[in-house]
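Open the model in your viewer and get ready to make a few selections. We will begin at the ligand and then walk along the chain.

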Amino acid sequence: MDLSLSDEQVAFRDLARTFLDREAVPHRTQWDHDESVDLAIVPKMAELGFFGLTIPEEYGGLGGDYVTYALAMEELGRADSALRGIVSVSSGLVGKSILFHGTEEQKQEWLPQLASATKLGCFGLTEPDTGSDAGSLTSRATRDGDDWVLNGQKLFITNGTWADVALVFARTSDPAVDPGPRGVTAFLVPTDTPGFEAREVTGKLGLRGQATAELFLSDVRLPSSAVLGEVGRGFKIAMSTLDKGRLAVAAGCVGIVQGCLEASVDYATSRIQFGKPIAAFQLVQDLIADISLDADAARLLVWRCADLVDRGEPFGTAASKAKLFASEAAVRAANNAIQVHGGAGYVDDYPVAKYLRDARVMTLYEGTSQIQKLLIGRAETGISAFG
Ligand code: COS
């Protein structure tokens with residue numbers, strides 16, 4: 001077993017870190033206060049390859065591997081999780097769904113634009129009344145001649161107000177006959193289609209630099225070519241895409257833990273109390289050791305999962321484990337980092353308060369910690385707790 005990174009992987013990670021330290025880290029607190037990152041950074045990130053990393057070269061991407069993708073997500077999480085979300089939703093959840101389930105026409109139309117971030121995507125699965133129970137979604141798509149007409153509502157949609165294309169999951173079967181996952185179909189909805197509206201969700205605890213929206217679909221008329229994959233197979237697209245999304249969230253969480261470690265070491269080695277740096281006190285070292293252990297353990301789970309993807313092996317349960325552990329570790333590490341900083345960690349002069357606020361949602365979105373545990377339990381026992 002070889003856990004060392006290739007020269008190319010190290011080079012990409014270092015390039016990403018240098019770029020983000022220059023272009024994102026100095027601005028992240030302001031973006032957080034403004035409740036929006038400066039979108040001028042998006043084309044620069046695309047130029048570096050963040051958006052096209054795992055999209056094949058024939059569609060304008062770099063055709064890279066998932067270990068490199070995990071490294072990129074880690075660096076984004078260390079710098080600003082709002083940026084990580086923009087990338088992993090647009091090119092990950094939306095781009096990968098199109099890559100693996102789209103027609104050649106759909107790939108040609110959308111992938112080069114998503115890889116270059118000239119267009120952004122959002123992923124419309126969650127609804128006001130269906131979060132964990134995604135298979136019970138109630139947005140409807142009905143046939144009208146050759147067209148589909150969509151009506152419904154989506155909630156907590158990352159990139160919602162910025163997106164040019166929304167991947168929307170809607171029920172195409174009669175809910176009285178089939179209210180479950182089998183009646184769901186995926187649609188690619190250009191957001192300038194009449195009847196589509198996105199409204200910003202405000203007042204978030206964290207990820208304040210990221211656009212989170214509520215989507216409203218009122219008689220949104222789409223041609224048949226807007227269907228992604230087969231009619232009635234949309235839930236499988238959502239679930240298989242979320243497996244890779246969970247890997248991206250987990251890798252971003254590793255970045256949060258790493259950021260907490262670096263900030264805590266910096267602070268503890270320079271802050272003097274009782275005549276010496278507080279890093280000299282064993283109870284402070286205990287906190288730092290816990291953060292360091294969380295960084296290593298989460299990173300190893302993420303790399304294991306990315307390696308399984310690269311080798312074409314099943315990785316869904318490994319993604320659930322990585323997401324569960326890394327997201328809980330990010331919250332724990334941010335809390336420990338604030339403890340190292342004392343009162344200074346409670347304000348925005350240091351990054352750890354923002355790390356905690358951003359980390360908190362990681363245990364909720366793309367499947368709560370409880371859903372990840374149920375999925376792991378189902379894989380181990382062969383028995384489903386759902387429905
Ligand atoms: N990849 C491919 N197909 C999958 C899959 C996966 N990871 N998981 C499930 N499926 C398929 C199943 O094989 C099944 O197919 P068939 O109908 O052909 O048998 C179908 O999808 C339904 O699967 P299942 O019976 O597991 O559906 P459930 O309603 O029981 O799913 C869970 C329950 C909890 C697994 C699901 O609703 C879930 O993951 N919820 C969390 C949703 C989430 O992460 N939301 C966040 C949105 S983005 S912020």
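Select the ligand and show what surrounds it. This is a predicted model. In it, 21 residues surround the ligand. The closest are Ser132, Arg182, Asp243, Arg246 and Arg378. Show these five as sticks.

Now color the shell by residue type. How many of its residues are nonpolar, polar and charged? Ten are nonpolar, five are polar and six are charged.

**Three polar contacts**

Zoom in on Asp243 first. An N or O atom in its side chain is 2.9 Å from a nitrogen atom of the ligand. Move to Arg246. Here a polar side-chain atom lies 2.9 Å from an oxygen atom of the ligand. Then pick Arg378. An N or O atom in the side chain of Arg378 is 2.9 Å from an oxygen atom of the ligand.

Next, turn on the surface. On its own, the ligand has 1,000 Å² of accessible area. The protein covers 73% of that area. Where does the ligand sit? The space taken by the ligand is the largest pocket.

**Helices around the ligand**

Switch to cartoon view. Select α7, residues 234-270, and α11, residues 369-381. Each of these helices supplies at least two residues of the shell around the ligand. Which element gives the largest share of the shell? The answer is α7, with seven residues.

**Along the chain**

Now select three spans that come from UniProt, in an unreviewed entry.

- Residues 6-116: UniProt lists these as "domain: Acyl-CoA dehydrogenase/oxidase N-terminal". The span is 71% helix and 0% strand. Its end C-alpha atoms lie 25 Å apart.
- Residues 122-220: the UniProt feature here is "domain: Acyl-CoA oxidase/dehydrogenase middle". Look for strands: this span is 48% strand and 0% helix. The end C-alpha atoms are 16 Å apart.
- Residues 232-379: UniProt places "domain: Acyl-CoA dehydrogenase/oxidase C-terminal" here. The chain is 76% helix and 3% strand over this span. Its end C-alpha atoms are 25 Å apart.

To finish, return to the ligand and show α7 again, the source of seven shell residues.

How values were computed: Residues are numbered from 1 along each chain as its sequence is written. This is a predicted model: local features need pLDDT of at least 70, side-chain atom pairs count only at pLDDT 80 or more; totals for chains, interfaces and linings use all residues. Side-chain values use heavy atoms; hydrogens and water are left out. UniProt positions are given in the numbering used here, feature names are shortened, and annotations may be inferred rather than shown by experiment. Helices (H or I, at least four residues) and strands (E, at least two) are DSSP runs, numbered from the N terminus. A residue is near a molecule or strand if one of its heavy atoms lies within 4 Å of it. A polar contact is a pair of N or O atoms within 3.5 Å; within protein, one must be able to donate a hydrogen and the other to accept it, and residues adjacent in sequence count only if both atoms are side-chain atoms. Accessible areas come from the Shrake-Rupley method with a 1.4 Å probe; for residues, only the protein chains shown count as cover. On a 1 Å grid over the protein atoms alone, a cavity is a set of points where a 1.4 Å probe fits but cannot get out, and a pocket is an open set with protein on both sides within 12 Å along at least five of seven lines; lining residues have an atom within 4 Å of a point. A molecule sits in a cavity or pocket if more than half of its atoms lie within 2 Å of its grid points. Ala, Val, Leu, Ile, Met, Phe, Trp, Tyr, Cys and Pro count as nonpolar, Asp, Glu, Lys and Arg as charged, and the others, Gly among them, as polar.
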